[in-house]
Amino acid sequence: MKRRDYRKKKHASKRKTLFKVIGILGIAVLLFAGTYTFYLYKKAQNAANNAYHARDGSSLREEQIEPYKDNVSILFIGVDDSESRSDMNSRSDALMLATLNNNDKTIKLLSIPRDSLVYIPEVGYQDKITHAHAFGGVEASIETVEELLDLPVDYFVKMNFNAFIDVVDALGGITVDVPYERVELDENDKKTIHLKPGLQNLDGRHALALARTRKADNDIERGKRQQIILTAMIEKAGSVSSVGKYGEVIDALGNNMTTDLSFNDMKAMIAYLNNGSPMIETYTLQGYDDSSTEVYYWRLDDEELQTLSANLRSHLELETPTLIQQ
């Protein structure tokens with residue numbers, strides 16, 4: 001055999017070997033990706049099942065709703081489940097109601113100041129809305145919000161401080177424009193958090209401190225900060241860079257969350273992130289400060305409240321009550 005032919009045959013053999021190796025690596029990558037996707041799916045399913053708390057749904061709904069085809073509302077309840085408080089006796093530290101329109105995949109996000117003076121059905125009198133959870137847990141909070149806004153609360157998600165910190169950290173932090181420099185309390189009520197002004201990436205502990213503080217401004221501004229932080233978390237969760245962190249996020253949520261959203265319900269919600277971050281409009285309850293009784297309350301503006309209720313009902317495509325129509 002000529003040397004030139006031998007070299008050709010040897011080179012062809014090397015190429016075939018190279019292509020085989022590349023092919024095997026490609027198959028291995030695809031198998032790993034498929035296995036990892038299945039692993040994440042099962043992990044998410046188990047976490048969702050552990051967090052699931054069955055509920056009959058809103059009494060204001062005539063028919064059972066389905067989140068993959070209906071407009072729905074979700075009440076987010078943030079609580080402090082520290083060792084010094086039992087779960088049922090803890091006040092809600094944050095309340096936000098989200099209405100989701102399935103047709104245009106938009107979200108309206110309402111922050112409810114914790115000191116809002118409202119009627120609490122659980123006890124039959126007016127008090128700060130933060131006390132509703134202490135009086136009767138999640139159900140009392142839901143009934144109070146439904147009474148206040150005259151619309152159904154279809155689902156709830158209750159998270160404690162640990163979940164918030166762990167989720168933000170699992171996402172690799174969130175980008176937030178911090179409005180001031182302050183030393184704030186950490187999750188253990190120790191002054192270890194030093195916030196500095198400007199646009200920056202916050203870890204879970206610093207994000208929580210920014211969300212909780214009321215010393216620098218007031219409850220209304222606090223609600224706005226919480227909306228900004230939640231929006232930043234939604235945007236980060238929908239980003240490509242966060243895909244590899246979903247396992248950690250699932251762990252954080254599964255260990256520190258209670259919800260009546262089933263795993264299938266949660267999958268339906270992913271449609272809101274399919275094209276990146278959804279359009280989110282933010283609102284708060286308008287009112288004024290009142291310390292005339294020597295106890296501070298945020299007294300709501302009734303006219304503004306009716307307008308807001310009509311706005312949210314319209315977003316859910318519910319009929320507007322006769323009282324508001326007049």
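A salt bridge here is a side-chain nitrogen of Lys or Arg within 4 Å of a carboxyl oxygen of Asp or Glu. By that rule, the structure holds 13 salt bridges. The model is a predicted one, where local features need pLDDT of at least 70 and side-chain atom pairs count only at pLDDT 80 or more, while totals for chains, interfaces and linings use all residues. Residues are numbered from 1 along each chain as its sequence is written, and side-chain values use heavy atoms, with hydrogens and water left out.

Two more terms help with what follows. Helices (H or I, at least four residues) and strands (E, at least two) are DSSP runs, numbered from the N terminus. A residue is called buried under 20% relative accessible area, exposed over 50%, and partly exposed in between (1.4 Å probe, protein chains only).

Back to the salt bridges. One of them brings together the side chains of aspartate 93 and arginine 114, at 2.7 Å from N to O. Aspartate 93 sits in strand β2 (residues 92-101) and arginine 114 in the loop between β3 (106-111) and β4 (117-120), so this pair ties together parts that are 21 residues apart in sequence. Both ends are tucked away: aspartate 93 is buried at 11% relative accessibility, and arginine 114 is buried at 13%. The pair also has company, as Asp93, Arg114, Arg212 and Arg222 are linked in a network of salt bridges.

Another salt bridge joins the side chains of lysine 108 and glutamate 281, with 2.9 Å from N to O. This one links distant parts of the chain, with lysine 108 in strand β3 and glutamate 281 in strand β12 (residues 280-284), 173 residues apart. Lysine 108 is buried, with a relative accessible area of 9%, whereas glutamate 281 is partly exposed at 34%. Arginine 299 and aspartate 290 also meet through their side chains in a salt bridge, at 2.2 Å from N to O. Here arginine 299 is partly exposed, with a relative accessible area of 26%, and aspartate 290 is buried at 11%.

Charges show up on the surface too. Asp301, Asp302, Glu303 and Glu304 form a negative surface patch. Such patches are made of residues with over 30% relative accessible area and no salt bridge, with like charges joined within 9 Å and nonpolar side chains (Val, Leu, Ile, Met, Phe, Trp, Tyr) joined within 5 Å. Lys and Arg count as positive and Asp and Glu as negative, while His and the chain ends are not counted. The place of a charge is taken as NZ of Lys, CZ of Arg, CG of Asp or CD of Glu. Within this patch, Glu303 belongs to helix α8 (residues 302-315), and glutamate 303 is exposed, with a relative accessible area of 64%.

Next come two other helices. Helix α5 (residues 219-237) has 19 residues and reaches 27 Å from its first C-alpha to its last, close to the 27 Å expected at 1.5 Å a residue; the expected span is 1.5 Å times one less than the number of residues. Buried residues in α5 include Asp219, Ile220, Arg222 and Gly223. Arg222 of this helix is also part of the salt-bridge network with Asp93, Arg114 and Arg212. Helix α3 (residues 161-170) is mostly covered, with seven of its ten residues buried. Among them are Phe161, Phe164 and Ile165. Just after α3, glycine 172 takes a positive phi of about 85°.

Backbone angles get a bit odd elsewhere. Most residues other than glycine have a negative phi. Lysine 105, however, has a positive phi of about 55° although it is not a glycine. Lysine 105 lies in the loop between β2 and β3 and is partly exposed, with a relative accessible area of 25%. Glutamate 317, also not a glycine, has a positive phi of about 60°, and its place is the loop between α8 and α9 (322-325).

Finally, some loop residues come together with other parts of the chain. Tyrosine 180, in the loop between β7 (174-178) and β8 (182-184), is buried at 13% relative accessible area. Its C-alpha atom is separated by 4.6 Å from that of proline 197, 17 residues apart along the chain. Alanine 54 lies in the loop between α1 (3-51) and β1 (72-79) and is exposed at 55% relative accessibility. The C-alpha atoms of alanine 54 and threonine 259 are separated by 8.0 Å, with their positions 205 residues apart along the chain.

Note on methods:
Accessible areas come from the Shrake-Rupley method with a 1.4 Å probe; for residues, only the protein chains shown count as cover.
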